[in-house]
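Q: Please take one part of this model and describe it closely, with attention to how strands pair and what packs against them. A connected account is preferred.

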Amino acid sequence: MCGMPQQPPIRSTPTRPTRPDASMSLLTNVMDHSLDDGYAEAADRKKAAGDGGLPKTLRARLGLAVGLVLAALVVTVGAAQARVAAPVVAKEREELIDRIDRETEAADKLEESVDQLRDDVSTRQREALRQSGDSGQADLVGILSGAVEVHGPGVKLVVNDAKEASTGGDGNPRETSGFSDTGRVRDRDMQRVVNGLWESGAEAVSINGQRLTALSAIRAAGDAILVDNKPLVPPYTVLAVGDGQRLSTRFQDSADGLYLHALQENYGIRTAISVEDDLRLPAAPSVIVRTAEPRTEKGTS
């Protein structure tokens, strides 16, 4: 009897244990020991001593409650004071605004009174000159000194900054220490323009409504141009009373007119000049008589 052939026993080969990855080991260690051992021991000692959590004794609890009540009281009082102070601050602000308005109105009235007194003084001065026997000289003195309003033919000259003008600049393109930007009109530019108009035959000159006299000053304060300490803003409108066409031609052919033309060509400063049939210039705001001579009557022999 033949038996079935026996198969050789199957040997199972033991699998090689896999080594855990280093990063996984580090994460496992962090998860298992999330708290440092020293901190963990300190927490255990504090818990064993009864120091953790809320106060255990009644006195400690009362102290904590009193502290919380005081903190809430301070916050409540602060909020109430802020709510009470808000209307007071608003009222003080309104009172300050009203005071400013009243003082501004009073200043305007005083300025009107000063103008009226100035006109009265000018009228008396002209009357005194007429009584001296030379009314024509009185009118001429009033026009040349800027004490009276004038009107007549003349020239209108508008000078404005360049379109690309901006403040600042490191260069010195005009070879003058006062110019920090090539595209802006400066006080020295306006000085040359006004002097050129006087030299060309202007009888009266104003800039943006400010009448110029022999004592007027054109200066700069930062980027602003001042005429008799009053700031002006561009564009600068210069009115000059005189023989219109002749005044325009003489000014444009003069050295100052050519200087203004050079500013326009080289630096983009905008200018426009026109001949006008009737210009009106106001009187100067403050004309002070500095010297006077007494009028003596010659006796008859």
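A: Two strands pair if DSSP finds at least two bridges between them. Helices (H or I, at least four residues) and strands (E, at least two) are DSSP runs, numbered from the N terminus. The model is predicted, with pLDDT of at least 70 needed for local features and 80 or more for side-chain atom pairs, while totals for chains, interfaces and linings use all residues. Numbering starts from 1 along each chain as its sequence is written, and side-chain values use heavy atoms, without hydrogens and water.

The part chosen here is the five-stranded sheet and its surroundings. This sheet is open, follows the order S3-S2-S7-S1-S8, and is antiparallel in its pairing. Its two edges are formed by strand S3 (210-211) and strand S8 (270-281), each of which pairs on one side only.

The sheet can be followed from S8 inward. Strands S1 and S8 are joined by ten bridges in the antiparallel sense. One residue pair places this register: Val155 has Val275 of S8 as its bridge partner. On the other side of S1 in the strand order comes S7, and S1 pairs with S7 over six bridges, again in the antiparallel sense. In that pairing, Tyr236 of S7 lies opposite Val159. Strand S7 (residues 236-241) is also bound to strand S2 (residues 204-207), with four antiparallel bridges linking the two. Here Ala204 faces Val241 of S7. Tyr236 and Val241 of S7 thus serve as reference points, the former for the pairing with S1 and the latter for the pairing with S2.

Helix H5 packs on this sheet, where contact (heavy atoms within 4.5 Å) is made with strand S1 (150-160), S2 and S7. The direction of H5 makes about 160° with that of S2; such angles run from 0 to 180 degrees between N-to-C directions, and axes are lines fitted to C-alpha atoms, for helices over the stretch in contact.

The packing of H5 extends to two helices. In general, two packed helices are described by the angle between their axes and the distance between the axes. For H5 (residues 187-199) and H6 (residues 244-253), the axes come within 9 Å and the crossing is roughly 130°. The residues of H5 that take part are Val193, Gly196, Leu197 and Glu199, and they meet Leu247, Arg250 and Phe251 of H6. With H7 (residues 255-267), the axis of H5 comes within 8 Å and the two cross at roughly 145°. On the H5 side, Asp189, Arg192, Val193, Asn195, Gly196 and Glu199 are involved, and on the H7 side Ala255, Asp256, Tyr259, Leu260 and Leu263. Val193, Gly196 and Glu199 therefore appear in the contact with H6 and in the contact with H7.

H5 also lies across strands S4 and S5, running at about 170° to S4. These strands belong to another open sheet, of three strands in the order S4-S5-S6, whose pairing is antiparallel. Strand S4 (218-221) and strand S6 (230-232) are its edges; each has a single partner strand, so one side of each is left without a neighbour in the sheet. Averaged with direction ignored, neighbouring strands of this sheet are turned by 40° against each other. Three antiparallel bridges connect strand S5 (residues 224-227) with S6, and Val227 stands opposite Lys230 of S6.
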